[in-house]
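Dear colleague,

Please find below the structure that I am handing over to you. My notes on what was found in it follow directly after.

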Amino acid sequence: MKHESLKKLLESLYEIKAKVHDVAETSVNDKLDEAIELVQQYLKDGSVRSSADDEILISVGKVLDRLPSIVALIKLFLD
């Protein structure tokens, strides 16, 4: 993965975490933390392991799988 793309991904993950921290389920926050940690580690160490790209994509995928519930929560509070 490209370094700049990972920086943007990390920023996006931080923004999502800030917006849903108080309303999301614990599991959503845990997955966000996991994804953030993986991206930070990758940025710090570079591609130390060949599986790091896959781990990041899988972790972010888990966060994205939970987004429908996050969106539903936000809509609930807005209505």
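Ser59 touches Lys31, Glu34, Ala35 and Leu38, when residues up to four places away in sequence are not counted. Please bear in mind that this is a predicted model. One of these partners, Ala35, is also reached in a specific way: the side chain of Ser59 comes to 3.2 Å from the backbone nitrogen of Ala35. Ser59 itself has its place in helix α3, which covers residues 52-78. Is Ser59 buried or exposed? Its relative accessible area is 2%, and because the cut-off for a buried residue is under 20%, Ser59 counts as buried.

The second residue I would draw to your attention is Leu13, which is found in helix α1 (residues 3-20). Leu13 is likewise buried, with a relative accessible area of 3%. Which residues does Leu13 touch, not counting those up to four places away in sequence? They are Leu32, Ala35, Ile36, Val39 and Val60. Ala35 thus appears among the contacts of Leu13 and among those of Ser59. As a further indication of how the chain folds back, Leu13 and Asp33 are 20 residues apart in sequence, while their C-alpha atoms are 8.7 Å apart in space.

Several of the residues named above belong to helix α2, which runs over residues 26-45. This helix has 20 residues and reaches 28 Å from its first C-alpha to its last, close to the 28 Å expected at 1.5 Å a residue. The buried residues of α2 are Val28, Asn29, Leu32, Ala35, Ile36, Leu38, Val39 and Tyr42. A general point is useful when reading such a list: an α-helix has 3.6 residues a turn, so residues three or four places apart point the same way. After α2 comes Gly46, whose phi is positive, near 75°.

I close with the chain as a whole. Its secondary structure comes to three helices and zero strands, and from the N terminus on the elements run α-α-α. How many of the 79 residues count as buried? The share is 25%. Among contacts with a separation of 6 or more, 66% are between residues 24 or more positions apart. The accessible surface of the chain comes to about 5,400 Å², and carbon and sulfur atoms account for 55% of it.

With kind regards

Conventions
Residues are numbered from 1 along each chain as its sequence is written. This is a predicted model: local features need pLDDT of at least 70, side-chain atom pairs count only at pLDDT 80 or more; totals for chains, interfaces and linings use all residues. Side-chain values use heavy atoms; hydrogens and water are left out. Helices (H or I, at least four residues) and strands (E, at least two) are DSSP runs, numbered from the N terminus. The expected span of a helix is 1.5 Å times one less than its number of residues. Buried means under 20% relative accessible area, exposed over 50%, partly exposed in between (1.4 Å probe, protein chains only). Contact means heavy atoms within 4.5 Å. Accessible areas come from the Shrake-Rupley method with a 1.4 Å probe; for residues, only the protein chains shown count as cover. A polar contact is a pair of N or O atoms within 3.5 Å; within protein, one must be able to donate a hydrogen and the other to accept it, and residues adjacent in sequence count only if both atoms are side-chain atoms.
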